[in-house]
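Here is a short walk through a protein model for someone meeting it for the opening time. Have the structure open beside you and follow along.

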Amino acid sequence: EAMESKPRLFDYARCSGLMADAGLDLILASRRVSVAYLSGITSIVCWEYPHVGHILETQEDDCERADYFVGVARDPAIPPFVVAHRLFEFKQGWIKDLRGWCFQTTKRSAVDEIVAALEERGLAGGVIGVEMDYIPAARFEELRQRLPRARLKAADAVLRRMRMVKTAEELRRARRAFEVETEIYRRVFRE
């Protein structure tokens with residue numbers, strides 16, 4: 001049975017404009033809420049809480065960290081990509097280039113997959129916006145070393161500005177969440 005694809009949450013034209021203003025060729029999101037926002041798959045925010053992530057992120061295959069990344073280029077003709085340890089949820093999203101990684105089983109890291117995706121898109125020497133406040137330091141350093149021609153630049157403010165203006169899909173999802181929560185509270189307090 002085929003799963004229905006979830007629509008993109010953000011306005012791509014607005015995203016491209018904000019990226020152009022910041023001088024970015026691509027945003028590489030690593031903060032869970034940003035990955036969810038760009039991919040449209042918000043369930044990743046719910047099933048792994050960042051504050052207890054070290055407990056929940058241990059994988060069945062002994063990979064100790066479950067890093068997630070979404071790459072979205074300024075040019076909408078360049079396909080976006082997801083790099084994640086677990087891809088099941090992302091298969092429901094609008095992004096079609098899904099790259100799984102697990103060093104224990106494939107001997108490839110998240111950075112291997114990111115570098116390959118950037119090279120395939122001709123962006124390995126571009127200006128890559130990263131979330132400086134959230135990207136794991138080891139991943140940042142490895143990206144810096146593996147992409148010597150690229151310029152890694154802070155994109156935290158760009159992502160915050162993107163999320164400030166809500167799209168119709170975001171509003172629809174917020175209204176639906178409110179309806180579900182309201183019904184749950186009604187049922188709980190009736191009993």
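## Two helices that cross

Let's begin with a pair of helices in this predicted model. Helix H6 covers residues 110-120 and helix H7 covers residues 137-146; their axes come within 10 Å and cross at roughly 40°. Angles under 35 degrees would count as roughly parallel and 65 to 115 as roughly perpendicular, so H6 and H7 end up oblique to each other. As for handedness, the crossing of H6 past H7 is right-handed.

Which residues make the contact? On the H6 side, look for Ala-110, Val-111, Asp-112, Ile-114 and Val-115, and on the H7 side for Arg-139, Glu-142, Leu-143 and Arg-146. Sort these contact residues by character and you get five nonpolar ones, four charged ones and no polar ones.

While you're on H7, find Phe-140, which lies in that helix. Its C-alpha atom is separated by 9.0 Å from that of Val-111, and the two residues are 29 apart along the chain. Leaving aside residues up to four places away in sequence, Phe-140 touches Val-130, Met-132, Ile-135 and Leu-152.

## Rings that pair up

Now for the aromatic side chains. To describe a pair of aromatic rings, you give the distance of the centres and the angle of the planes. How many aromatic pairs does a search of the whole structure find? There are five.

One of them joins Phe-10 and Tyr-12: the ring centres are 5.5 Å apart and the planes sit at 45°, so this pair is tilted. Both Phe-10 and Tyr-12 are buried. They also belong to an aromatic cluster, together with Tyr-37 and Trp-94.

Another pair is made by Tyr-185 and Phe-189. Here the ring centres are 6.1 Å apart, and the planes are at 10°, so the pair counts as stacked. Where do Tyr-185 and Phe-189 lie? Both are in helix H9, which spans residues 168-190, and they are four residues apart, about one turn of the helix.

Are Tyr-185 and Phe-189 buried or exposed? Exposed means over 50% relative accessible area. Tyr-185 has 53%, so it is exposed, and Phe-189 has 65%, so Phe-189 is exposed too. Set the two pairs side by side, then: Phe-10 and Tyr-12 are tilted and buried, while Tyr-185 and Phe-189 are stacked, with Tyr-185 exposed and Phe-189 exposed.

Note on methods: Residues numbered from 1 in each chain as written. Predicted model: local features only at pLDDT ≥ 70, side-chain atom pairs only at ≥ 80, totals over all residues. Heavy atoms only, no water. Axes fitted to C-alpha atoms, helices over the stretch in contact; angles between N-to-C directions. Helix = DSSP H or I, 4+ residues; strand = E, 2+ residues; numbered from the N terminus. Parallel < 35°, antiparallel > 145°, perpendicular 65-115°, else oblique. Left-handed = near helix turned anticlockwise from the far one by under 90°. Contact = heavy atoms within 4.5 Å. Nonpolar A, V, L, I, M, F, W, Y, C, P; charged D, E, K, R; others polar. Phe/Tyr/Trp six-rings, centres within 6.5 Å; stacked < 30°, edge-to-face > 60°. Buried < 20%, exposed > 50% of the residue type's maximum accessible area, 1.4 Å probe, protein only.
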